[in-house]
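User: I'm new to this one and would like a close look at a single part. Could you walk me through how a pair of helices sits together, and then what lies in the nonpolar interior?

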Amino acid sequence: MKSLALVVITKNAQSTLRQCLESVPFALDKVVVDSGSQDGTIEIAKSLGARVFEREWQGYGLQKKMATELSQCDWVLSLDSDEALSPELQSEIQAWLEKDEATSAPAYRFARLSFHMGRWIRHGGWYPDWQVRLFDRRRAAWSEDVIHEKVIADRVGQFSNPILHWVFRDLSHQVETNNRYSSLGALALAKKGRSFSLFHLLTKPWVKFFETYVWKRGFLDGRPGFIIAVGAAYSVFLKWAKLGENLARRDETPS
């Protein structure tokens, strides 16, 4: 039988962390790496038997990579603090743990089903939203990207049932998240050597709205689908606007 560790990175996650940790009762090790929580996150994690480590924020990729290295099992399930295994996925993983390890792929992906504005969102690019989250740390590893980190493996298997995701507390939280992610996205563009483009600033938000609301059928999710599409477009607008702002500041800095 394979041994499995659950690894979670956190910051002020008290509203969702309990359901996350409790959804993996078969994990032999639970690791929480926190980056400055000021709520009850650490206390909740410890009360549920997790080993808690405090680390300064290094970006999503490096933070998850460090957390993985702290686990005591070769197989690692990495969940965000606002995610949990569905009951069906719990059973599916438990059955997989009983199988011969020699038949296992280095990593596995899951669909992710997100809840927002009172409903499960199934369109607009939000589902199936495949995520590689279960892997053998001897044969796979997190990339070191600041944002949009990914597990790097030469082969990826797939489970049938989804991870459940409580993506935003409310619309204000969605706006805060879009603001934070657009800043990280601008930083990632700058690190790749991208220059500011007025054309991209003007066109990419419209392309993103069309992609989300029309091409990926976000309109089928009703009012939430429209709000999600507008939010996605605005986040793209902010990313390119912030890239221009950051580059202008850099050029204005005396050498």
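**A helix pair and the nonpolar cores**

Analyst: Let's start with H6 and H7, which are roughly antiparallel to each other because their packing angle is over 145 degrees. Keep in mind that this is a predicted model. The angle between H6 (residues 198-215) and H7 (residues 222-252) is about 155 degrees, and their axes are 8 Å apart. As for handedness, H6 and H7 make a right-handed crossing.

Who actually meets whom? On the H6 side you'll find His200, Leu201, Lys204 and Phe209, among others. Across from them, H7 brings residues including Phe226, Ile228, Val236, Phe237 and Trp240. Sorted by class, the contact of H6 with H7 has 14 nonpolar residues, three polar and two charged.

Now for the interior. In soluble globular proteins, nonpolar side chains tend to be buried together. Here the largest nonpolar core has 28 residues, and Leu77, Leu85, Ile93 and Leu134 are the ones touching the most other members. Several elements each supply at least two residues of this core: strands S1 (4-10), S4 (75-78) and S6 (107-110), plus helices H1 (17-22), H2 (41-47) and H4 (87-97). H4 gives the most, with four residues.

Leu134 is worth zooming in on. Leaving aside neighbours within four places in sequence, Leu134 is in contact with Leu4, Trp75, Val76, Leu77 and Trp96, and also with Pro106, Ala107, Tyr108, Phe110 and Phe159. Apart from the largest core lies another one, of 15 residues, with Val31, Val33, Val76 and Phe135 among them.

Notes: Residues numbered from 1 in each chain as written. Predicted model: local features only at pLDDT ≥ 70, side-chain atom pairs only at ≥ 80, totals over all residues. Heavy atoms only, no water. Axes fitted to C-alpha atoms, helices over the stretch in contact; angles between N-to-C directions. Parallel < 35°, antiparallel > 145°, perpendicular 65-115°, else oblique. Left-handed = near helix turned anticlockwise from the far one by under 90°. Contact = heavy atoms within 4.5 Å. Nonpolar A, V, L, I, M, F, W, Y, C, P; charged D, E, K, R; others polar. Core = buried A, V, L, I, M, F, W, Y, C linked by side-chain atoms within 4.5 Å. Buried < 20%, exposed > 50% of the residue type's maximum accessible area, 1.4 Å probe, protein only.
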